[in-house]
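Here's a quick tour of one protein model, written for someone who likes to poke at coordinates. Have a look at the structure first, then read on.

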Amino acid sequence: MAQGLVHVYYGYGKGKTTAALGLCLRACGSGKKAVIVQFLKDTPSGEIKSLSCLENVTLLRGKAGGMFVSAMTEEQKEETRRIHNENLQKALDLVTQGECCLLVLDEAMDALQLDVLDAALVRNLLENKPPELEVVITGHKPIHWVMDKADYITEMVKVRHPFDKGIPARKGIEF
């Protein structure tokens, strides 16, 4: 039985989701089943179409409203929290059923810090994960208890970004 490890990709540099999805692509190409839960994301992006072509990937995503959490009403935040917790529970059910070798929790640290994801669910996963399960967690700012459970920690550092020069996100490159 292979040992599953915990990866954390964090920071303000570009590439956290890209790294997580690259690992997913590698795992799926090796016949493994992956589950990706994208928190704080609900808009179309290039990777969604590509992921839908892979038989052994399950993608769960969504939030209430097409806005940043800081602009949400309390009702929208609560609905987002409900969606996120429900998606994570679906993913955990797939893990329990043996339908997941790689679990990607994209933007989970941000969702935790914004209080739109139940920390107890994530803590329980990290403390009691099946030994063979590989877990990837991404986000901007590190969370101490998440970092303590990580086997890999990669910080993505922004040195320069086109957005700083007023260049908006480009389809197929940033989304």
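What follows covers the nonpolar cores, helix α3, the salt bridges and the largest pocket of this predicted model.

## The nonpolar cores

Let's start inside. The largest nonpolar core has 36 residues, and the members touching the most others are Phe-39, Leu-103 and Leu-105. Two or more residues each come from β1 (6-10), β2 (34-38), α3 (74-96), β4 (102-106), α4 (108-113), α5 (119-128), β5 (134-139) and α6 (144-149). The top contributor is α3, with 5 residues.

What does Phe-39 touch, leaving out residues up to four places away in sequence? The list runs to His-84, Leu-88, Leu-105, Asp-106, Glu-107, Ala-108, Ala-111 and Leu-117. There's also another core, apart from the largest one, with 15 residues, including Leu-21, Cys-28, Leu-102 and Val-136.

## Helix α3

A sanity check on the geometry of α3: with 23 residues at 1.5 Å a residue, the helix should span 33 Å, and its end C-alpha atoms sit 32 Å apart, so the two values agree. Just after α3 comes Gly-98, which has a positive phi, near 75 degrees.

Which residues of α3 are buried? They are Thr-80, Arg-81, Ile-83, His-84, Asn-85, Asn-87, Leu-88, Ala-91, Leu-92, Leu-94 and Val-95. Two of these, His-84 and Leu-88, turned up above among the contacts of Phe-39. The cover over the buried residues of α3 includes β2, β3 (57-61), β4, α4 and α5.

Arg-82 and Glu-86, also in α3, pair up in a salt bridge, with their closest N and O atoms 2.8 Å apart. The two residues are 4 apart in the helix, which means about one helical turn separates them. In general, residues three or four places apart on an α-helix point the same way, because there are 3.6 residues a turn. Arg-82 counts as partly exposed, at 38% relative accessibility, and Glu-86 is partly exposed as well, at 38%.

## Salt bridges

The model has 10 salt bridges by the rule used here. One of them joins the side chains of Glu-107 and Lys-41, at 4.0 Å from N to O. Glu-107 belongs to the loop between β4 and α4, and Lys-41 to the loop between β2 and α2 (46-52), so this pair ties together parts 66 residues apart in sequence.

Are these two partners buried or exposed? Glu-107 has 10% relative accessibility and therefore counts as buried. Lys-41 is buried too, but at 19% it sits just inside the cut-off, since buried means under 20% relative accessible area.

Elsewhere, the side chains of Arg-170 and Glu-174 meet in a salt bridge at 2.9 Å, N to O. Arg-170 is partly exposed, with a relative accessible area of 40%, and Glu-174 is partly exposed at 26%. Shared partners also link some salt bridges into one network, made up of Lys-41, Asp-106 and Glu-107.

## The largest pocket

Now for the empty space. The largest pocket holds about 1800 Å³. Its lining has 48 residues, and those closest to the centre are Thr-17, Lys-41, Glu-107, His-140 and Glu-174. That list includes Lys-41 and Glu-107, the salt-bridge pair described above, along with Glu-174, the partner of Arg-170.

Which helices each supply at least two residues of the lining? Among the elements that do are α1 (16-29), α2 and α4. The largest share comes from α1, which gives 7 residues.

How values were computed. Residues numbered from 1 in each chain as written. Predicted model: local features only at pLDDT ≥ 70, side-chain atom pairs only at ≥ 80, totals over all residues. Heavy atoms only, no water. Core = buried A, V, L, I, M, F, W, Y, C linked by side-chain atoms within 4.5 Å. Buried < 20%, exposed > 50% of the residue type's maximum accessible area, 1.4 Å probe, protein only. Contact = heavy atoms within 4.5 Å. Expected span 1.5 Å × (residues − 1). 1 Å grid on protein atoms, 1.4 Å probe; cavity = no way out; pocket = protein on both sides within 12 Å on 5 of 7 lines; lining within 4 Å. Points joined across faces, edges and corners; volume = space filled by probe spheres on them.
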